[in-house]
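Got the viewer open and a selection box ready? Here's a walk through the model, one stop at a time.

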Amino acid sequence: MAAYPFTQIEQKWQRHWDDEETFKTPDEPRSTEDGTPREPYYVLDMFPYPSGSGLHVGHPEGYTATDIVARYKRKRGFEVLHPMGWDAFGLPAEQYAVETGTHPRETTEKNIATFKRQLKRLGFSYDWSRELATTDPDYYKWTQWIFLKLYERGLAYQAEVPVWWCEELGTTLANEEVIDGKSERGGHPCERVPMRQWMLKITDYAERLLDGLDELDWPASTLKMQRNWIGKSTGAEVDFGVVGHPEDHIRVFTTRPDTLFGATYMVLAPEHPLVSKVTTEQQFEAVDDYIREAARKSELERTELQDEKTGVFTGGHAKNPVNGEKIPIWIADYVLATYGTGAIMAVPAHDERDYEFARKYDIEIREVVRPPRSESAKNAPMPGGPESGGAYTDKEGVLIHSDASERCIDGIAEQGVSLNGLSVEDAQRKITQWLEEEGRGRAATTYRLRDWLFSRQRFWGEPFPILLGENDQPKPVPAEDLPVTLPEIDSYDAIGSGKSPLDGLPEWVETEDPETGAPMRRETNTMPQWAGSCWYYLRFIDPGNDELPVDPEKEKRWMPVNLYVGGSEHAVLHLLYARFWHKVLYDAGVVSTKEPFQKLVHQGLILGEREFTRYLSDEDEHAVSAEHVDDGKDQRTGEPVRAVEVPKEKVEKQGDHFVLKTDPDTRVEARAHKMSKSRGNVVNPDDVIEEYGADALRLYEMFMGPLEQVKPWSTDDVAGVSRFLGRAWRLVAGEAEDVSDGGRSDTITDAEPSSEQLRVLHQAIESVTDDIEELRFNTAIAALMEFLGEARSWDALPKAVAEDFVLLLSPFAPHLAEELWERLGHSGSLAYAPWPELAEEHLQEETVEMAVQVNGTVRGTINVDAAAEEDAVLEKARAEENVQRHIDGKTVQREIYVPGRIVNFVVGS
């Protein structure tokens with residue numbers, strides 16, 4: 001038998017919410033009872049990509065959290081905006097179209113319908129009248145409009161850039177979409193090829209993107225990731241001459257200009273434009289081979305994942321600007337053309353990477369910063385020297401071997417510079433000033449952030465509102481002609497030459513200049529999936545506006561988003577791109593705030609069910625307890641072990657570990673994995689709802705642990721939460737098994753609550769309120785369970801107490817709460833019923849339990865009135881039977897009384 005008739009209840013109230021549009025947020029602000037406008041509160045989920053597989057139980061976690069907050073805030077008198085939509089453009093739908101011939105729009109609409117059905121079944125209080133999809137022409141009209149704003153402000157430009165091309169997928173991919181030279185989706189081979197692309201100058205906003213982080217209430221880890229991705233560095237740009245090519249120079253950026261005299265070689269990225277010019281005939285073949293090999297590696301492989309640095313000498317040389325010294329030029333793939341200037345000066349004595357490279361290729365290591373040393377270390381090898389174990393990279397110490405006269409070439413000594421004896425800080429200041437005065441460098445700030453590659457060779461994406469003339473000269477489509485819509489097509493096969501599928505549709509591509517009638521072509525690249533998700537939070541505010549992306553007055557009222565919840569996988573790119581677009585719109589006068597999302601929370605991953613493994617010795621099949629196993633061996637004997645899967649029915653928990661029921665001395669390994677089809681551990685929320693109900697699923701996901709924590713799923717544990725809801729049902733509805741009877745428990749009365757009942761209730765109000773405010777949903781639920789345990793022990797339940805309990809329960813289990821509210825005599829929804837008010841005077845307990853000590857040892861406990869006088873407490877303490885035995889016949893030398901806590905009698909013999 002079900003714990004309560006959840007199926008009937010949930011269907012009933014979901015129909016009611018839909019019919020009454022309970023959660024629709026009006027365009028005009030409503031007023032409170034005193035006539036003041038309700039304070040706005042915008043709570044938003046990162047909207048999902050509607051995949052073909054639908055939701056699994058991990059998806060509703062964040063949605064449930066925001067729904068709890070939305071429902072709570074409505075009860076606190078806020079006007080809540082809580083919308084939902086679909087990030088619907090994407091490669092999977094296009095790949096499915098290539099495989100099946102189904103139009104991506106048809107696939108996408110079907111997937112959206114599945115997602116929406118599942119979300120509505122969970123009872124989320126979204127304002128569905130604001131639903132949007134990035135694939136709707138009425139939506140992407142404004143995505144195109146924003147692109148034109150970027151273009152008008154010089155922030156969108158075309159460039160021939162080396163990009164990742166995936167032949168199998170028929171599209172370019174961003175750096176983060178390529179892993180080990182293969183596409184993240186499908187694992188297909190990729191190669192770097194030059195293509196005409198649209199780029200966005202996000203680098204123009206690097207400093208503002210960095211500064212804006214200081215005012216945000218975001219997780220510290222996310223703020224750190226954003227700062228690292230932007231990657232601000234301060235130092236100097238330095239121009240090195242090129243021997244034999246006086247018309248050229250190699251510009252480098254360095255954070256350590258003080259070490260210029262220690263530069264013993266230079267490194268160019270394989271793609272650097274000067275490589276072909278500086279490479280000698282003797283080195284051409286080796287350099288060419290190296291360049292080809294580097295083109296097959298991802299940037300991650302070339303930098304962070306490559307343990308051993310490789311390179312090739314070009315045969316050319318550069319000239320150090322501080323002393324004219326000739327130093328060799330190498331190429332190495334750990335230097336990237338897209339980062340900095342694509343060239344570095346190498347100072348192996350004071351940079352670990354340069355040191356390893358120099359040792360490998362037998363290049364001079366010249367110390368120029370001497371670290372401070374104690375007397376006992378004076379005879380030790382100097383860090384950074386050829387005989388030492390590594391580079392000295394600290395900034396403490398003094399400069400040595402840094403005088404132009406020491407290695408002077410070309411007469412630089414006459415106007416040269418000496419840094420000897422200076423601290424690193426003073427040396428940096430002096431050399432930067434000298435470089436500027438001599439026209440050989442300048443102070444500079446650089447960023448790791450690079451301009452945003454904004455093109456994709458796909459059909460299923462927003463078309464660019466751009467016409468191309470001769471030599472691909474761009475001309476924006478007039479705003480009044482937006483949207484530029486996608487054509488209906490029959491074939492989705494990419495041409496495979498780097499062109500978009502749209503190139504194969506001349507009737508769509510070929511057009512004319514709207515002003516002159518001259519022949520022009522439409523841009524056939526499409527925007528990346530990121531485009532639509534950069535600004536959707538604004539369109540939710542004003543989804544029906546035909547004149548603007550968002551009405552200025554409505555934007556001022558709702559922005560910034562008060563609470564934004566989504567996965568940490570979006571900690572960098574989505575958030576960075578959305579912040580960039582928002583700042584551009586701020587500069588354009590479209591929005592009034594500098595940042596879009598004030599508070600950000602990442603829900604933790606929900607893993608699959610725990611999987612259990614026992615270990616057996618390979619040699620004689622005896623059991624090996626899991627704590628002794630590491631790397632497939634019994635660590636005590638070194639013998640190999642064999643892993644055997646164990647059904648969860650044969651395992652039980654013992655303390656912090658799991659053991660075999662039949663052999664409690666043998667621990668088993670318990671591990672949960674990310675849900676995936678390939679592993680077969682995906683749990684469909686529809687199945688859980690069928691068995692336990694939507695409220696039980698919601699409640700369980702919030703009760704599993706802190707919202708931000710990674711947690712393993714357990715279907716068995718959902719049953720426990722379901723039993724709690726069943727007890728809550730019976731507390732108010734009695735033994736009713738059907739929604740239609742409308743009755744309630746005989747224990748509910750109209751009597752005034754006792755002081756004890758008020759204390760229990762208000763303790764729950766205090767706990768649940770504080771916990772929701774701090775997003776501690778698991779402990780809020782624990783407080784509700786504690787209240788229910790107390791309330792079930794009462795002979796009678798005052799209706800007023802039951803009502804407040806139902807209101808406290810309603811954000812977590814809204815369907816059940818609505819039904820109980822109705823049974824308590826109310827009509828309509830409780831969605832806007834006021835939240836219970838905390839009365840602190842009810843929190844005080846009438847009686848307190850106090851320990852009674854004799855000479856510091858507890859000999860008994862007493863219950864006394866919380867307001868009892870000291871004399872009365874001491875009298876009762878003396879009368880306690882065991883205390884009396886320990887003080888009879890003895891002299892009480894001192895009586896210590898701590899109100900509400902302890903009494904201690906100090907007695908003599």
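Start with the second largest pocket, which holds about 320 Å³ of space. This is a predicted model, so keep that in mind as you click around. Select Arg-610, Phe-612, Phe-658, Ser-714 and Asp-716: of the 13 lining residues, these lie nearest the pocket's centre. What kind of residues make up the lining? Charged ones number seven, nonpolar ones five, and one is polar. Now colour strand E30 (651–654) and helix H20 (715–733), the elements that each give two or more residues to that lining. E30 gives the most, with three residues.

Before going further, colour the whole thing by pLDDT. The protein averages 91, and 95% of the residues score at least 70. Then zoom to residues 374–380, where the pLDDT is below 50. Beyond near neighbours in sequence, that stretch has three contacts in the model.

Next stop: a parallel sheet. Select the four strands that form an open sheet in the order E2-E1-E22-E23, with parallel pairing. Which strands sit at the edges? They are E2 (79–81) and E23 (600–601), each pairing on one side only. Inside the sheet, look at E1 (residues 40–45), which is joined to E22 by three bridges. To find the register, pick Val-43 and look across to Leu-563 in E22, which stands opposite. Now add helix H2 (residues 60–75) to the view: H2 lies across E1, E2 and E22, and runs at about 170° to E1.

Stay with E22 for a moment and step back along the chain to Pro-560. Pro-560 is in the loop between helix H16 (552–558) and strand E22 (563–565). The peptide bond that joins Met-559 to Pro-560 is cis, with omega about -5°. As background, most residues other than glycine have a negative phi, and most peptide bonds are trans.

There's another cis bond to visit, between Leu-482 and Pro-483, with omega near 5°. Pro-483 lies in the loop between E19 and helix H13 (506–509).

E19 takes you straight to the antiparallel sheet. Four strands make up this open sheet, in the order E19-E18-E21-E20. E19 (474–476) and E20 (510–512) stand at the edges with a single partner strand each, so one side of each has no neighbour in the sheet. Turn the view to look along the sheet: on average, neighbouring strands are turned by 45° against each other, direction ignored. For a close-up, select E20 and E21 (residues 519–522), an antiparallel pair joined by three bridges. Thr-511 is the residue to click here, with Met-520 of E21 standing opposite.

Now jump to a backbone oddity. Leu-775 has a phi near 60°, a positive value in a residue other than glycine. You'll find Leu-775 in the loop between helix H21 (755–773) and helix H22 (777–791).

The last stop is a pair of hairpins. Select E36 (residues 847–854) and E37 (residues 857–865), which run antiparallel and are joined by eight bridges. Met-850 stands opposite Ile-862 in E37. What happens to the phi of Asn-855 in this hairpin? Asn-855 takes a positive value near 55°, and the hairpin has two residues between its strands.

For the other hairpin, select E38 (residues 892–898) and E39 (residues 902–907), an antiparallel pair with six bridges. Click Arg-894 and look for Val-906 in E39, which stands opposite. Three residues separate the two strands, and Gly-900 in the turn has a positive phi of about 80°.

Finally, show both hairpins together. E36 and E39 run parallel and are joined by four bridges. One contact point to click is Val-854, whose bridge partner in E39 is Phe-905.

Definitions and conventions. Residues are numbered from 1 along each chain as its sequence is written. This is a predicted model: local features need pLDDT of at least 70, side-chain atom pairs count only at pLDDT 80 or more; totals for chains, interfaces and linings use all residues. Side-chain values use heavy atoms; hydrogens and water are left out. Two strands pair if DSSP finds at least two bridges between them. Axes are lines fitted to C-alpha atoms, for helices over the stretch in contact, and angles run from 0 to 180 degrees between N-to-C directions. pLDDT is the predictor's confidence in each residue, from 0 to 100. Contact means heavy atoms within 4.5 Å. On a 1 Å grid over the protein atoms alone, a cavity is a set of points where a 1.4 Å probe fits but cannot get out, and a pocket is an open set with protein on both sides within 12 Å along at least five of seven lines; lining residues have an atom within 4 Å of a point. Grid points are joined across faces, edges and corners, and a volume is the space filled by probe spheres set on the points. Ala, Val, Leu, Ile, Met, Phe, Trp, Tyr, Cys and Pro count as nonpolar, Asp, Glu, Lys and Arg as charged, and the others, Gly among them, as polar.
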